[in-house]
Amino acid sequence: MDHRVPKFLYSPKVGELFPHFSEIDMEGRIWTTDSVKGRVMVLNLWYSGCGPCRAEMPILSEWKEQLPDVMFFSATYHDAETAKRITDKHHFTWTHLVEAKDMMAWIGTEGFPLTIVIDKKGIVRHAVHGTNETKREELLAKIKEAEAEK
């Protein structure tokens, strides 16, 4: 019997190299691991039926304004039209990766949203399922910490 964890239950782990990726945003631009090389990247995975995901969108947009050198991405399995309707309504200004089914599989059984902080070397520094004020404060601190490193 094969006891390996199936791919759909995988989730990036703190201390590991963030997996290579190639995803498309709402405007049709392709983003890859090389696109973010040497920069801090934050990835927020969400979907339309997640109330907490939608509620935190305006707050997350403030982070992009505070930290212009950080690459902020959201990812969803929705198509561009659906994602745009939701992100416009909730003033979510990150770069939105759409139809990102491989990334969305990282949710596993732990729930939405999943937010991941990746440092300039491509190492996962923080990953958290769910959202609340305390979790967001910790995320923002981890982002600032990663950004401050040379």
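These legends accompany close-up views of a predicted model.

**View 1. Seven strands build one open sheet.** The sheet holds 7 strands. Their order is 2-1-5-4-3-6-7, and the pairing is mixed. Strand 2 (30-32) and strand 7 (124-129) stand at the edges. Each of these two has a single partner strand, so one side of each lacks a neighbour in the sheet. From one strand to the next, the twist averages 30°.

**View 2. Strand 1 meets strand 5 in an antiparallel pair.** Strands of a sheet pair through backbone hydrogen bonds, either parallel or antiparallel. Strand 1 covers residues 22-25, and strand 5 covers residues 95-98. The two run antiparallel and are joined by 2 bridges. Ile24 has Val98 of strand 5 as its bridge partner. For Asp25, the bridge partner in strand 5 is Leu97.

**View 3. Strand 4 meets strand 5 in a parallel pair.** Strand 4 spans residues 71-75. It is joined to strand 5 by 3 bridges, and the two strands run parallel. Here Ala75 stands opposite Leu97 of strand 5. Leu97 is also the bridge partner of Asp25.

**View 4. A helix links strand 4 and strand 5 in a β-α-β unit.** The unit consists of strand 4, helix 2 and strand 5. Helix 2 covers residues 80-89. The unit is right-handed.

**View 5. Helix 1 packs against helix 4.** Two packed helices are described by the angle between their axes and the distance between the axes. Helix 1 spans residues 51-66, and helix 4 spans residues 133-148. Their axes come within 12 Å and cross at roughly 20°. Because angles under 35 degrees count as roughly parallel, helix 1 is roughly parallel to helix 4. The crossing of helix 1 past helix 4 is right-handed.

**View 6. Residues from helix 1 and helix 4 make the contact.** Helix 1 supplies Glu56, Ile59, Leu60, Trp63 and Gln66. Helix 4 supplies Arg136, Leu139, Leu140, Ile143 and Lys144. By class, the contact of helix 1 with helix 4 has 6 nonpolar, 1 polar and 3 charged residues.

**View 7. Helix 4 lies across four strands of the sheet.** These are strand 3 (41-45), strand 4, strand 6 (114-118) and strand 7. Helix 4 runs at about 165° to strand 7. Strand 7 is one of the edge strands shown in View 1.

How values were computed. Residues are numbered from 1 along each chain as its sequence is written. This is a predicted model: local features need pLDDT of at least 70, side-chain atom pairs count only at pLDDT 80 or more; totals for chains, interfaces and linings use all residues. Side-chain values use heavy atoms; hydrogens and water are left out. Two strands pair if DSSP finds at least two bridges between them. A crossover is right-handed if, with the strands pointing away from the viewer, the path from the first strand over the helix to the second runs clockwise. Axes are lines fitted to C-alpha atoms, for helices over the stretch in contact, and angles run from 0 to 180 degrees between N-to-C directions. Angles under 35 degrees count as roughly parallel, over 145 as roughly antiparallel, 65 to 115 as roughly perpendicular and the rest as oblique. A crossing is left-handed if the near helix is turned anticlockwise from the far one by less than a right angle, and right-handed if clockwise. Contact means heavy atoms within 4.5 Å. Ala, Val, Leu, Ile, Met, Phe, Trp, Tyr, Cys and Pro count as nonpolar, Asp, Glu, Lys and Arg as charged, and the others, Gly among them, as polar.
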